[in-house]
Structure formats: C-alpha cells, structure tokens
Amino acid sequence: MISPIEQFARDLLSHRGALVEPRESGLDVMAAPALAATLGLAEYQRLIFTPDASAPDAVLVDYDSPLVERMGRLIEEVGRVAFVKGPAVNLKSIDPEAELSRGLTLLNGVFRCRGYAAALPVCFCFLFEFDILADERAGGVITVWVNPQTRSVPRMASWLRDIDLTDEEPPVAAGAEVILPWDLAIPAATSSIRPELQEFLESVTRRRDRDLHRLREYYLDVDREIRRKLARARPSDEARGRELQRLEGTARIYQARLLDVADRYRVRVRLAPLAVLACRVPTYQLTVRLLRRNAAADVLFSWNPIDGRLERRCCDGCHTAVDAASLCDDRVHYLCGRCLDACPQCGKPYCRACHVRCPRRHEA
C-alpha cells in the first residue's frame, strides 16, 4: 500500500503533465523543463519515500523535505475548491407554517408562508485557519457552511464527517464560473471564532491589567522618592534642578513603558481560507412574504434535514447570520440589530442596507 505522501506526489505531478511511472522503490518522473526547474528536479528523476529504499541519484521525499514545500506552491495555483458528494439524505414531510413559527423571529414585522418545494442547491463548506496573536497565541481550524441561494448558514458540522471526499463533476453548468459567496462566508467564520476570541481577550486583559498595576506602583514609588528629595532641597540648590530633571525623565520613561505594554498585549486576528468543498444538499425551500407596515418583500428560506430546522438567514446589511431579525420600512430588508441601529447624531434608526450613512440632514 502506497503512503499518502506518495499518492499526493503522483497525483500532483500527473496533473501538471509529468509522466509518472510507479516503481517498487518509488516513482520515476519525467517532467517538462519548466516544471522540473520549479521543483528543483532533473528532467528524469527517481523519487523514493522511505529512507531504506536505495536508488542512485534518487530524491527522498518526506514531510520535511524542501520538495514538498515546492509542490505546495503548485497547489496554490490549482485552486482550492473541490466538488464532492455528500451522504444521501431523505427529505421527510414538514409543516412549513410550524417550521417558520419555530425558526423565524421578526422583531418588528410579520410573515406569511407562500409555499415550499424540494430543492437541491449547491452549498459551500469553507475551511478557515485562524490565529489570535498577542503576548500569547491561540488558533485552530473552523468550518462554516453557506447556502448562497437562500443567503443562509446551515448547521451541518456532523454531516461533514460523513461526506464522501471522492471527486464529483462540478454541480454547475459546463464552462460556468463558480462564484464563491465570500461575503457570507467571512462573517460566518468571524462569528464562529468569537467565543474563543472572547476567552482570549479576557485572559489578555487580566495579564495586561496586572502588568499595568505593577508598572504604575513602581513608578509611583520612584515619583514619591524624587518629590521627597525636592521637598528637602533649597530653592537655589543645584540638586533641586537635578531632581526636577529626574522627575520629568521618570514621567517620560513611564509613558514609554505604557506604550510597550500596550503593544505587547495588542491583539491581532488572522483569518485565512484553507479549502472550499462544494456539493448539492437536499433541502426544502420556503417562499416567505415579509410584511412591514405598507411594504412587503418575498424571500427564500431553507429547511435543512441535517438538523431539522430552518437555516439561519444572513443580514442584508452586514451579511452575518441572525436568529432574530428586524425589517426596514422602505425595502423590507432583513436586518440584524446593528444594521437598524440609531444614528449617533440624530438618534433615529436607519437601514444600513439602504444607506451607507444616515439619510437625514444634520445640523452642523
């Protein structure tokens, strides 16, 4: 049985046009000059994957070898979207009115169900790596799902373990461009790391406050000692001038040390995409009319069989998935609380999906 790293090398080199011949001790590779130069190989090269394999002029490939890093650069050029097949799911019959009453909360409007139908939309599973950096570091990998047809974020973490990662034909028309819904995926990923970020921030705050307290107490003691000497010095004494300079210098050093502490505990968050899986997911799509005063709008909601609930629809303003939404008066946008918040100048709420800034005129 071949190792995963050997299978990876064989698939990647074959994909890039190299002739790859499996041997008992590894792979014989004949690559085009440009590919060989990129990987640092001869045009005809033997690759071995175990140290005990012997072959003249062979290159040993393991997870620490420079060749693997160079092959990783080729992966970045290939793309990071894989079309896969998910496990079979049978759609059970549902009561759309009951599901909407259970899963849809409107704070300032009403809704009416206008029908539902089975659907097979293309959903995307985004894998993100995140790092939280300060004086310490935390990080990991998170997974978020996005259903772009209904602008919703399904809860399908358990389903990911059962996905068949065998390649499938792209679930889009031949030649069609796959448009990834990054505008929905990034807010979903940000919301997913928020609990860990909150815990990290609390820990950073405790350590920062501890250091600030120690720093303040130390320089207060220095300041008090200098002031006692000043109180004993004569007005014309040369030592008084030196102590005044020490007092000013102590204040400058204290301010500089405060900036050092602030920089040491400054929190930086990095979110980087690793891969995207695309597959068809059987769902029910519910057509819903949202009503706000004299305005109305028809939108789609998705009922997902994995957790047996409505998928959380995303805010039309900031694209964050919301559990309870408000509607704007003009175009009945589906909004989170922050995107229908009051204007800080006039105190009147306005829709952030309709307007970049408050539409009312403010006095200078």
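Trainee: Why does Glu136 count as partly exposed?

Mentor: The model is predicted, and the accessibility is computed from it. Glu136 has 44% relative accessibility. Buried means under 20% and exposed means over 50%, with partly exposed in between. The 44% of Glu136 falls between those two cut-offs, so Glu136 counts as partly exposed.

Trainee: What makes the contact of Arg207 and Glu136 a salt bridge?

Mentor: A side-chain nitrogen of Lys or Arg has to lie within 4 Å of a carboxyl oxygen of Asp or Glu. For Arg207 and Glu136 the N to O distance is 3.8 Å, so the pair meets the rule. The two residues come from distant parts of the chain, 71 residues apart: Arg207 is in helix α6, and Glu136 is in the loop between β8 (122–133) and β9 (137–146).

Trainee: Is Arg207 buried or exposed, and how do you know?

Mentor: The relative accessible area of Arg207 is 11%. That is under 20%, therefore Arg207 is buried.

Trainee: How do you know that Asp28 and Arg46 form a salt bridge?

Mentor: Their side chains meet at 2.2 Å, N to O, and the limit is 4 Å. This pair also links distant parts of the chain, with Asp28 in strand β2 (residues 26–30) and Arg46 in strand β3 (residues 44–48), 18 residues apart.

Trainee: Which of the words buried, partly exposed and exposed fits Asp28, and which fits Arg46?

Mentor: Asp28 has a relative accessible area of 4%, under the 20% cut-off, so Asp28 is buried. Arg46 has 22%, which is not under 20% and not over 50%, so Arg46 is partly exposed.

Trainee: What ties helix α7 to helix α6?

Mentor: Arg264 forms a salt bridge with Asp211, and their closest N and O atoms are 3.0 Å apart. Arg264 lies in helix α7 and Asp211 in helix α6, so the pair ties together parts 53 residues apart in sequence. Asp211, with a relative accessible area of 15%, is buried, whereas Arg264, with 37%, is partly exposed. There is also burial to consider: Glu243, Leu247, Gly249, Thr250 and Val261 of α7 are buried, and what covers the buried residues of α7 includes α6 (182–232).

Trainee: How do you know that the span of helix α7 agrees with its number of residues?

Mentor: The expected span is 1.5 Å times one less than the number of residues. Helix α7 (residues 238–264) has 27 residues and should span 39 Å. Its end C-alpha atoms are 39 Å apart, so the two values agree.

Trainee: How many salt bridges does the rule give, and which residues are linked in a network?

Mentor: The count comes to 24 salt bridges. Glu129, Asp131, Arg137 and Arg270 are linked in a network of them.

Trainee: What makes Leu19 exposed, and which patch includes Leu19?

Mentor: Leu19 has a relative accessible area of 57%, which is over 50%, so Leu19 is exposed. Leu19 is found in strand β1 (residues 19–23). Together with Met30 and Tyr44, Leu19 forms a nonpolar patch on the surface, with about 350 Å² of accessible area.

Trainee: What is the phi of Arg293, and what is the phi of Val332?

Mentor: Arg293 has a positive phi of about 55° although it is not a glycine. Val332 has a phi near 55°, also positive in a residue other than glycine. Arg293 lies in the loop between β13 (283–292) and β14 (295–304), and Val332 lies in the loop between β17 (324–327) and β18 (334–335).

Trainee: Is Arg293 buried or exposed, and is Val332 buried or exposed?

Mentor: Arg293 has a relative accessible area of 67%, over the 50% cut-off, so Arg293 is exposed. Val332 has 4% relative accessibility, under 20%, so Val332 counts as buried.

Trainee: What radius of gyration does the chain have, set against a compact globule?

Mentor: A compact globule of 364 residues would have a radius of gyration near 21 Å, but the chain has 31 Å. The value for the chain does not match the globule rule. Along the principal axes, the C-alpha atoms fill a box of roughly 90 × 80 × 35 Å. The chain has 7 helices and 18 strands, and 37% of its 364 residues count as buried.

Technical notes: Residues are numbered from 1 along each chain as its sequence is written. This is a predicted model: local features need pLDDT of at least 70, side-chain atom pairs count only at pLDDT 80 or more; totals for chains, interfaces and linings use all residues. Side-chain values use heavy atoms; hydrogens and water are left out. Helices (H or I, at least four residues) and strands (E, at least two) are DSSP runs, numbered from the N terminus. Buried means under 20% relative accessible area, exposed over 50%, partly exposed in between (1.4 Å probe, protein chains only). Contact means heavy atoms within 4.5 Å. The radius of gyration is taken over C-alpha atoms; the globule rule is 2.2 Å times the number of residues to the power 0.38. Patches are made of residues with over 30% relative accessible area and no salt bridge: like charges are joined within 9 Å, nonpolar side chains (Val, Leu, Ile, Met, Phe, Trp, Tyr) within 5 Å. Accessible areas come from the Shrake-Rupley method with a 1.4 Å probe; for residues, only the protein chains shown count as cover.
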